[in-house]
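User: Please take a close look at the nonpolar core for me, and then follow its neighbours outward. I'd enjoy one connected walk rather than a list.

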Amino acid sequence: MLESCATPLPLLKVAGSKDQEVEVGTENFIPGKVTALVIRTRQMENDILLVKNGEEYKALYLKCTHEGVNLTATANKIYCPSHGSSFDMNGKVLKEPALRPLKTFRTELINNQVIIHLS
Ligand code: FES
């Protein structure tokens, strides 16, 4: 299968009540099946990729660090449709022209809710 044709990840639209954070329930992750979600918020221009790794959650901003284009995430890689950069699930550059890793947001787990701090 071509990498660009990989199945898209589940998209979750969240309408957080606070400006600087959004909450995502851990029930949205399914062990062995869904380990990453695309999160769409009203606060941010681009989507956020929320990745579960064991008990850790990592939130990556899906904005290319080359020229700011919206990125496409699959289950194991993140691609830029404009000039072909790619990133791993930690936001590290795998392929240029992008040189900088993806922006990340701080997360914390409280009562089965992953809090993503947007500031
Ligand atoms: S904008 Fe992403 S590689 Fe150029």
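Analyst: Happy to! A residue is called buried under 20% relative accessible area, exposed over 50%, and partly exposed in between, using a 1.4 Å probe and protein chains only. This is a predicted model, in which local features need pLDDT of at least 70 and side-chain atom pairs count only at pLDDT 80 or more, while totals for chains, interfaces and linings use all residues. Residues are numbered from 1 along each chain as its sequence is written, and side-chain values use heavy atoms, with hydrogens and water left out.

Let's start at the centre of your request. A nonpolar core here is a set of buried Ala, Val, Leu, Ile, Met, Phe, Trp, Tyr and Cys residues joined through side-chain atoms within 4.5 Å. The largest one has 17 residues, and the members with the most contacts inside it are Val-24, Ile-39, Ile-48, Leu-50, Phe-105 and Ile-116. Five strands each supply at least two residues to this core: S2 (21-25), S3 (36-41), S4 (48-53), S5 (56-61) and S11 (113-117). With three residues, S5 gives the most. Strands are DSSP runs of E with at least two residues, helices are runs of H or I with at least four, and both are numbered from the N terminus. As background, nonpolar side chains tend to be buried together in soluble globular proteins.

Ile-48 is a good residue to zoom in on. Leaving aside residues up to four places away in sequence, Ile-48 touches Leu-37, Val-38, Ile-39 and Thr-41, then Ala-59, Leu-60, Tyr-61 and Leu-62, and also Phe-105, Ile-116 and Leu-118; contact means heavy atoms within 4.5 Å. A second core, separate from this one, has 16 residues, including Ala-36, Cys-64, Ala-98 and Leu-102. Cys-64 is buried, with 4% relative accessible area, and Cys-80 also counts as buried, at 7%. If you are wondering about sulfur bridges, a disulfide is taken as a pair of cysteine sulfur atoms within 2.5 Å, and by that rule the count is zero.

Next come the aromatic rings. Rings of Phe, Tyr and Trp (its six-membered ring) pair if their centres lie within 6.5 Å, with planes under 30 degrees apart counted as stacked, over 60 as edge-to-face, and the rest as tilted. This rule finds two aromatic pairs. In one, the rings of Phe-29 and Tyr-57 have centres 5.3 Å apart and planes at 65°, so they sit edge-to-face. Phe-29 belongs to the loop between S2 and S3 and Tyr-57 to strand S5, so this pair ties together parts 28 residues apart in sequence. Phe-29 is buried at 7% relative accessible area, and Tyr-57 is buried at 11%. The other pair is Tyr-61 with Phe-105, whose ring centres are 5.5 Å apart and whose planes meet at 75°, so this one is edge-to-face as well. Tyr-61 lies in strand S5 and Phe-105 in strand S10, so parts 44 residues apart in sequence are tied together. Both partners are buried: Tyr-61 has 9% relative accessible area and Phe-105 has 5%.

The backbone joins those two strands too. Strands count as paired if DSSP finds at least two bridges between them, and S5 and S10 pair in the antiparallel sense over two bridges. Here Ala-59 stands opposite Phe-105 in S10. S10 continues the pattern with S11, antiparallel over five bridges, where Arg-106 stands opposite His-117 in S11.

Follow that hairpin to its turn and the surroundings change. The hairpin of S10 and S11 has two residues between the strands, and Asn-111 takes a positive phi near 50°. Asn-112, in the loop between S10 and S11, has a positive phi near 65° although it is not glycine. Asn-111 counts as exposed at 71% relative accessibility, and Asn-112 is exposed at 54%.

On the other side of S10 in sequence, Pro-97 sits in the loop between strand S9 (93-95) and strand S10 (104-110). The peptide bond from Glu-96 to Pro-97 is cis, with omega near 25°.

Finally, a frame for the whole walk: an unreviewed UniProt entry lists residues 21-116 as "domain: Rieske", with positions in the numbering used here, shortened feature names, and annotations that may be inferred rather than shown by experiment. The end C-alpha atoms of residues 21-116 lie 5 Å apart, and the span is 0% helix and 45% strand.
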